[in-house]
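Trainee: I am new to this structure, and I would like to learn how to read it. Could you take me through it one feature at a time?

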Amino acid sequence: MFRVLQNQTSNSRIIFSRNDINCMNLPRSFVFSPPQKQQVLMRHKLFAFLAATPIEKVEKGQLYFDNYDNMRITAPIRWPLDFRRFLAGPNEEKLLGKLKSGEWFPAENELPYNFKIEGVKIRKKEDGMFVNFTFRVDQAQKEMALEEIIQRVQTFLKDKKDFLWFNINAHLVKGEPFIDDLIDRYPASRLRVEFQGPDVLTETLYKYLEPYGLIRDINLFPASSKDFSRYALVQYAKIRSAICAKNCVHGIIVNGTRLNIIYDHPIKMYKLYIWITTHPTISTISLPLIPFIIVAAVVGITYGLDLVCYFFVKSRITYYHLYQRLRENTINRFTTFREKSGDEIFSFSTKEQEDKLQNWLKDPPESFIVLLGPANSGKSALVNKIIRGRRNTLSIKCDDILDSRNKNERALELAKQVGCSSVFNLVIPLSKLGTLLADEVIGHKIFGLPSSVDDPTKKVLDMIENALYQTKYRSRKNSDEEFPIVVIDAYMIKYKENHDLWELFVKFATQLVEKKLAHVVFVSSNIGITNHLKSQAPSMEVKTLDLHEPDEVINLVDQYVRDKNIEIPEGLKEAVGKIGMHLTDLGLFIGKVRNGTNPNDALNDLVSEAKADIYRIAFRDDIEHEMSKEWSDIQFWEIMKELSKKEFIFYDITKSSPLFNDDDTPIKAMERSGLISISQLPNECSISIINPGKPLYQKAFAEISSDELFETKMKYKTAQYYLLLENKKIKEYEDELEKLVKIDSKWNNKWSSKWSFKWLFGNGHEVIDYRVKYLLLLLKKSLVRAKNHQKQIDELKQNYELILNRKGR
């Protein structure tokens, strides 16, 4: 500027006034030309304007969003099937793009002070995120600018209705947040505020921490030692508020004091344990009590689970009928296309039998009720028909329980049927642990635990009894209330007649009837159940409803087809008479007749299927089946041949035949397989008889026996067996004769002297001679029979070859 002032022209001289020179701070002797004076004034005004305008700088700031994780579901309509967003949250790059797009955050051009988002820092453990931004403002207006920015962001979040339900809040970070990834440090609702400097008053702390959420209490504590500063514990009502306060206020300077904030967790249990065990006074008292406390805790949990089991059992007894009604009115309406089961197709129970059973159930419980009948005769269907939709009923199926491998599995299966298997599955191991600990600590078992009982099944039965007792107690006010019904189905299955479960159920049923808690209905196909119940519970009366001899089977079928408006085809009644009262076969037969099959053809189809079953079960000769089969082919052939001619054969006569030799093990095995059934002669309970496994087998036995080739084969095997048996007898006779000859020779040598005293001991030679003659007679008969069997074998072998050749042509 001084150079400009010195460049004066010689032709003109302009002298500034005194005021101008004073403003420019120049010497008074300076003289300017008019253009120079104008230039100097313009520059002077420009410098004055620049000096009066504040200088703007680029500042940095941070915002904390306390709920970033739910932002990934911002557009459920646009991303209805994007499961990747549920499995792994958005990364920082995607979040940054969403923020800059203006979807979750005001657009940058909508915010003042040249606002720009610089980056995002996700805090997964705290379910939040930091947003770093820059803005341009004068240093003096920085605080005001930050307040304006956060206010606009919060207003945007409130006005954004499409994700208002996420409940996202934005806060301005006022301090210097400590962003850590320490593994063992998790958020908590209580904060520890340490003072790095002079103490801060409670009112001041409340002023800085209250905006982030409701505070329950603020407590100031002295320093634990001279090396640690004083601190305050701030308890928030919500953990989310504590997270925001920690991230936004940590590192702030208040009245010259820096606030350092960390999460403060309650005392850990292991720390409490260390304090108790290391304390010189408390440890002497507490340590001996620890085993007792553990035993008490385990036993308490077990008893608590017992109460839960009891609640489930009681609910199963009381409210199961509501579930049945709901199922019938919902699921069953949509499954009308399914094939109906056997008990829905046909039932052998007559109206008189149903009325009789219902009348028994109306009276107070004073006796056992036994529903007796062969397998698949509709016993269970009759009981289910009566108790369906009725409250306070319980059904137990013994055949499912018997398949269990041990007592614990048996108890779990029973618990499953009564509705408490999920809880009782925990009771057994906990009770075992409690019993083991009690034995070690106390020295004896604790009464009432399932493991203290020999059989956990007894524990389940006791819970059922208690639930029935409470049911009776609550229903005393209503005198018209029906008595509960407990159905024990498949009781005393024949192949497990001596199972210990039967005794448990009889004792359980006796308690229920004697206390008048419930009616007990036994459903069984074993005709010996009546004698069994009378022997186990002599004081109890047994009422039996027998379905063994239905005289009106044909009439029932006739009535059934009339009720269904089905035209009765020719030969229907004759075919039904041969099928008998086997529910499964009768249902298959009626199904075939419905489809238009002639009754005789339908019967022949069922007989063919029955024959295939008999061949598969009784006469299959593969190695695996032979090892598991408990009878021989000729043993079953002997029974089948007799049953093809008669309705029944006597059990004792069959057992004493040479093929069985008084061993009834094969006969029992045949019964378990369903080939035959063993029952008592009507009106003669002491005489047992053998019947076909089901009536349809009667005709199947006859057709198999009439097969010439198969009959020849079985006769051949039978003749071989008898020949082997006679040869075995012959060998035994010859061995005994050889021994007698040796004894006789020794006898003659010993007693041949005159001092033998034959007059005193008798002549032993006569006794041996008598036995030899008897054995020779038996030997002669066996030789004759063996000869005949051999002759029969040769003839049958020749006939078998002829039949094969004839059928092979």
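Mentor: We will go from the whole chain to some sheets, helices and single residues. This is a predicted model, in which local features need pLDDT of at least 70 and side-chain atom pairs count only at pLDDT 80 or more, while totals for chains, interfaces and linings use all residues. Residues are numbered from 1 along each chain as its sequence is written, and side-chain values use heavy atoms, with hydrogens and water left out.

Trainee: How many helices and strands does the chain have?

Mentor: Helices (H or I, at least four residues) and strands (E, at least two) are DSSP runs, numbered from the N terminus. By that reading, the chain has 32 helices and 17 strands.

Trainee: What share of the residues is buried?

Mentor: Buried means under 20% relative accessible area, exposed over 50%, and partly exposed in between, with a 1.4 Å probe and protein chains only. Of the 809 residues in the chain, 40% are buried. For contacts, the rule is heavy atoms within 4.5 Å. Among contacts with a separation of 6 or more, 70% link residues 24 or more positions apart.

Trainee: How do I read a sheet?

Mentor: Strands of a sheet pair through backbone hydrogen bonds, either parallel or antiparallel. Here, two strands pair if DSSP finds at least two bridges between them. One open sheet has four strands in the order β2-β3-β1-β4, with antiparallel pairing. β2 (116-123) and β4 (170-172) stand at the edges with a single partner strand each, so one side of each has no neighbour in the sheet. On average, neighbouring strands of this sheet are turned by 30 degrees against each other, direction ignored.

Trainee: How many bridges join β2 to β3?

Mentor: Seven bridges join β2 to β3 (residues 128-137), and the two run antiparallel. R123 stands opposite G128 in β3.

Trainee: Which helices pack on this sheet or lie across its strands?

Mentor: For the angles, axes are lines fitted to C-alpha atoms, for helices over the stretch in contact, and the values run from 0 to 180 degrees between N-to-C directions. Helix α5 (residues 92-100) packs on the sheet and touches β2 and β3, its direction making about 140 degrees with that of β2. Helix α6 (residues 142-159) lies across β1 (57-65), β3 and β4, at about 130 degrees to β3.

Trainee: And what lies in the loop between α5 and β2?

Mentor: N114 has its place in that loop. Its phi is near 50 degrees, a positive value in a residue other than glycine. N114 counts as exposed, at 52% relative accessibility. A490 also has a positive phi, of about 55 degrees, although it is not a glycine. You will find A490 in the loop between β12 (485-489) and α19 (500-514).

Trainee: How many disulfides does a search of the whole structure find?

Mentor: A disulfide is a covalent bond between the sulfur atoms of two cysteines. The search looks for a pair of cysteine sulfur atoms within 2.5 Å, and it finds zero disulfides in the whole structure. The sulfur of C248 is 6.0 Å from the closest cysteine sulfur, in C244, which is too far for a bond. C309 is in no disulfide either, with the nearest cysteine sulfur, that of C420, 4.4 Å away. C309 is buried, at 0% relative accessibility.

Trainee: Is helix α8 mostly covered or mostly open?

Mentor: Helix α8 (residues 239-249) is mostly covered, with nine of its eleven residues buried. The buried residues include C244, K246, N247 and C248. After α8 comes G251, whose phi is positive, near 90 degrees.

Trainee: What does F701 contact, leaving aside its neighbours within four places in sequence?

Mentor: F701 lies in helix α29 (residues 696-705) and is buried, with a relative accessible area of 0%. With those neighbours left aside, its contacts are I614, F636, M640, L643, S644, L675 and P692. F701 and I614 are 87 residues apart along the chain, and their C-alpha atoms are separated by 8.6 Å.

Trainee: Which residues does the "coiled-coil region" annotation cover?

Mentor: The UniProt annotation, from an unreviewed entry, covers residues 723-750 and 779-806. UniProt positions are given in the numbering used here, feature names are shortened, and annotations may be inferred rather than shown by experiment. Over residues 779-806 the chain is 100% helix and 0% strand, with the end C-alpha atoms 40 Å apart. H789 is found in helix α32 (residues 764-808) and is buried, with a relative accessible area of 14%. Apart from neighbours within four places in sequence, H789 is in contact with A719, Y722, L723 and E726.
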